[in-house]
Amino acid sequence: MAKSKLVGKPKNIHISFSDRKLEVLRAAARLFNRHGYHNTTMDDIAAALGVTKPALYYYAKSKDEVLYEVITYAVKEAEAAMLPAMNEGDTGAERLRIFFDAWSRHVCGDFGRCLVQTHPKSLESKTRRKNRLARRNLHQQIENSLCLGMKDGSIRAADPKLLALGLFDLFNGIAHWHDPGGRLSPEDIAGEYWRTFFSGILV
């Protein structure tokens, strides 16, 4: 992993705190994805960035805080990029297609992959509760689109909560096996999933 380009630089060099912190979070996300959260230490993150552990503590006081910040960033990134795009769909089914096409790309990135590969139980109780609320908002948006599709006739009647869980399970799985150098892009996979699996719910 490349050494830090931002963290540890003299404070008189004009680099925003948010940019420095984002570099810390990205480095941590990559290590969590590669080795697992429990097998990664703050020493590992500091070493990957080429900085001292005290310098790292300036941006996060514990590994739990780092993970919470990584996951929070991933959720906010998803909301900013995907939820507005869903409004472009004329039907509930189309909104789902737009969302999960973008979601498939998201879960193959550093932050999105960490989001789906790390269980909330890895977090301490206080941060776990806040994280679950953030994740729940995403699920609720999908449930809303499913209900819209059932109302407009583009999706067959089903339990929206159960179906939303199933859809996330399906697309989240891409993060566990997708090879960036492979023949299929996340968009290719999403399209194939849509054509193959969604034929069971589309009218």
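## Working through an all-helix model

At 18% relative accessibility, G173 counts as buried. The model is a predicted one, so keep that in mind as you go through the exercises.**Exercise 1. Place G173 in the chain, and find its distance from E77.**

Start with the loop: G173 sits between α8 and α9 (174-177). For burial, the cut-off is under 20% relative accessible area, and G173 comes in at 18%, which means that it counts as buried. Now bring in E77. Along the sequence, G173 and E77 are 96 residues apart, and in space their C-alpha atoms are 19 Å apart.

**Exercise 2. Describe the chain as a whole: how many helices and strands does it have, and what are the dimensions of its box?**

Begin by counting elements: there are 10 helices and 0 strands. Reading from the N terminus gives α-α-α-α-α-α-α-α-α-α. Next, take the box along the principal axes, where the C-alpha atoms fill roughly 60 × 40 × 35 Å. Of the 203 residues, 46% count as buried. Finally, look at the contacts with a separation of 6 or more: 65% of them come from residues 24 or more positions apart.

**Exercise 3. Decide whether α1 and α6 are parallel, perpendicular or oblique, then say which residues make the contact.**

First get the geometry. Helix α1 (residues 17-35) packs against helix α6 (residues 110-117) at about 50 degrees, and the two axes are 9 Å apart. Roughly parallel would need an angle under 35 degrees, and roughly perpendicular 65 to 115. The pair is therefore oblique. As for handedness, the crossing of α1 and α6 is left-handed.

Then list who touches whom. From α1 you have L22, L25, R26, A29, R30, F32 and N33, and from α6 there are D110, F111, R113, C114 and Q117. Sorted by type, the residues of this contact are 6 nonpolar, 2 polar and 4 charged.

**Exercise 4. Do the same for α4 and α5: what is their angle, and which residues meet?**

The angle between α4 and helix α5 (residues 92-106) is about 150 degrees, with the axes 9 Å apart. Anything over 145 counts as roughly antiparallel, so α4 is roughly antiparallel to α5. This crossing is right-handed.

On the α4 side, look for A74, E77, A78, M82, L83, A85 and M86; they meet R95, I98, F99, A102, W103 and H106 of α5. The split here is 10 nonpolar, 1 polar and 2 charged. Notice that E77, the partner in the distance from Exercise 1, is among the α4 residues of this contact.

**Exercise 5. Find the residues that touch the most other members of the largest nonpolar core, then follow W103 outwards.**

The largest nonpolar core has 57 residues, and the ones touching the most other members are I45, V66, F99, F100, W103 and I142. The most residues come from helix α4 (residues 63-86), which gives 11.

Now pick W103. Setting aside neighbours within four places in sequence, W103 is in contact with A78, M82, L115, V116, L138, F168, F171 and N172. Among these, A78 and M82 also belong to the α4 side of the contact with α5.

**Exercise 6. Is N172 buried or exposed, and what does N172 contact?**

Find N172 in helix α8 (residues 160-172). Its relative accessibility is 18%, so N172 counts as buried. With neighbours within four places in sequence left out, N172 is in contact with W103, V107 and V116. W103 and V116 also touch each other.

How values were computed: Residues numbered from 1 in each chain as written. Predicted model: local features only at pLDDT ≥ 70, side-chain atom pairs only at ≥ 80, totals over all residues. Heavy atoms only, no water. Axes fitted to C-alpha atoms, helices over the stretch in contact; angles between N-to-C directions. Helix = DSSP H or I, 4+ residues; strand = E, 2+ residues; numbered from the N terminus. Left-handed = near helix turned anticlockwise from the far one by under 90°. Contact = heavy atoms within 4.5 Å. Nonpolar A, V, L, I, M, F, W, Y, C, P; charged D, E, K, R; others polar. Core = buried A, V, L, I, M, F, W, Y, C linked by side-chain atoms within 4.5 Å. Buried < 20%, exposed > 50% of the residue type's maximum accessible area, 1.4 Å probe, protein only.
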